[in-house]
Amino acid sequence: MDAIFTRRSIRKYETRDLDEDTIRKLLKAGMSAPSAVNERPWHFVVIRQTEVKDLIPDIHPHALMVREAPLVIAVCADLDLEISQGYWVQDCAAATENILLEAHSLGLGAVWLGVHPREDRVRGLGKLLELPATVRVFSLIPVGYPAEDKEVHDRYEESRVHWKDKW
Ligand SMILES: Cc1cc2nc3c(=O)[nH]c(=O)nc-3n(C[C@H](O)[C@H](O)[C@H](O)COP(=O)(O)O)c2cc1C
């Protein structure tokens, strides 16, 4: 619960690499997310090569920080694995959030970069990452040891809650 309430988007990272065990923990967290009819349509592309990371900001206009991150995870869905139509988006969103929370609980920093439903980003990343035609990128998650501190905010808003059974 502490991870949920203290997580912030981290966009500055140390150059230190992440070991494979740590990366597997992040991926396991993603794969532990709830999924409609348990379809689990996700695939994850582990991006560490400078040559690949450097090209991402040409495709995604708000992703400059990926050049500094030692790791970028592309959360993807294989639409051929989808059983309950349209739910792959929510499955991938849950996986993305799980990875962010696991990163934070491991002392790492990360940020959710939206890809789907921006077709230019989906197409550009599909090409860059050489994805099969049925696979779409949902989000990118740069991860690294944090090189910035962020304040924690209490975002509870009573005005958004409707306690008396109806609006
Ligand atoms: C669907 C989605 C798309 C996002 N896309 C970007 C992005 O392209 N670039 C970026 O720097 N942050 C992106 N973010 C992170 C948000 O800016 C961030 O979560 C928000 O400002 C709240 O700050 P916090 O995560 O520190 O609580 C995105 C977040 C979500 C959920």
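# A guided reading of the chain

Strands E1 and E2 pair in the antiparallel sense, and six bridges hold the pairing. Within this pairing, Ile47 has Val72 of E2 as its bridge partner. The structure described here is a predicted model, and strand E2 is a convenient place from which to begin reading it.

Strand E2 also pairs with E5: the two run antiparallel and are joined by eight bridges. One of the residue pairs in this second pairing consists of Ala74 and its bridge partner in E5, Leu140. E2 is mostly covered, since seven of its eight residues count as buried. In a regular strand, the side chains alternate between the two faces of the sheet.

The account may now widen to the whole chain. Its secondary structure comes to six helices and five strands. Read along the sequence, these elements follow the pattern α-α-β-α-α-β-α-β-β-α-β. The C-alpha atoms fill a box of roughly 55 × 40 × 30 Å, taken along the principal axes. For 167 residues, a compact globule would have a radius of gyration near 15 Å; the chain has 17 Å, which agrees with that expectation. Of the 167 residues, 32% are buried. Among contacts with a separation of 6 or more, 80% are made by residues 24 or more positions apart.

Helix H5 merits a closer reading. This helix covers residues 88-105, and at 1.5 Å a residue its 18 residues should span 26 Å; the C-alpha atoms at its ends are 26 Å apart, so the two values agree. The buried residues of H5 are Trp88, Asp91, Cys92, Ala95, Thr96, Asn98, Ile99, Leu100, Glu102 and Ala103. An α-helix has 3.6 residues a turn, so residues three or four places apart point the same way. What covers the buried residues of H5 includes helix H2 (20-31) together with the strands E1 (42-47), E2 (71-78), E3 (109-110) and E5 (135-144). Just after the helix, Gly107 takes a positive phi of about 85°.

Which residues does Ile99 touch, not counting residues up to four places away in sequence? Ile99 lies in helix H5, and its partners on that count are Leu26, Ala29, Gly30, Ile73 and Ile141. Ile99 is classed as buried because 27 other C-beta atoms lie within 10 Å. The C-alpha atom of Ile99 is also separated by 9.1 Å from that of Ala33, although the two residues are 66 residues apart along the chain.

A second buried position occurs in a loop. Ala63 is found between helix H4 (56-59) and E2. Ala63 counts as buried because it has 23 C-beta neighbours inside 10 Å. Leaving aside neighbours within four places in sequence, Ala63 is in contact with Ile56, Pro57, Leu113 and Leu140. Leu140 has already appeared as the bridge partner of Ala74. The C-alpha atoms of Ala63 and Val111 are separated by 9.8 Å, with their positions 48 residues apart along the chain.

Val111 leads on to the ligand. The residues surrounding the ligand are Arg8, Ser9, Arg11, His62, Val111, Trp112, Leu113 and Gly114. By class, this shell has three nonpolar, three polar and two charged residues. Leu113, a member of the shell, is also among the contacts of Ala63.

Several details of the backbone remain. Most residues other than glycine have a negative phi, and most peptide bonds are trans. Two residues in the loop between H2 and E1 depart from the first pattern, namely Val37 and Arg40. Val37 has a positive phi of about 40° although it is not a glycine, and the phi of Arg40 is likewise positive, near 40°. How is each of them placed with respect to burial, exposed or buried or in between? Val37 is exposed because 10 other C-beta atoms lie within 10 Å, whereas Arg40 counts as partly exposed because it has 19 C-beta neighbours inside 10 Å.

The peptide bond joining His116 and Pro117 is cis, with omega of about 10°. Pro117 is found in the loop between strand E4 (113-114) and helix H6 (119-128).

Terms used: Residues numbered from 1 in each chain as written. Predicted model: local features only at pLDDT ≥ 70, side-chain atom pairs only at ≥ 80, totals over all residues. Near = placed C-beta within 6 Å. Nonpolar A, V, L, I, M, F, W, Y, C, P; charged D, E, K, R; others polar. Helix = DSSP H or I, 4+ residues; strand = E, 2+ residues; numbered from the N terminus. Expected span 1.5 Å × (residues − 1). Buried ≥ 20, exposed ≤ 12 C-beta atoms within 10 Å, placed from the backbone. Contact = placed C-beta atoms within 7 Å. Pairing = 2+ DSSP bridges. Rg over C-alpha atoms; globule rule 2.2 N^0.38 Å.
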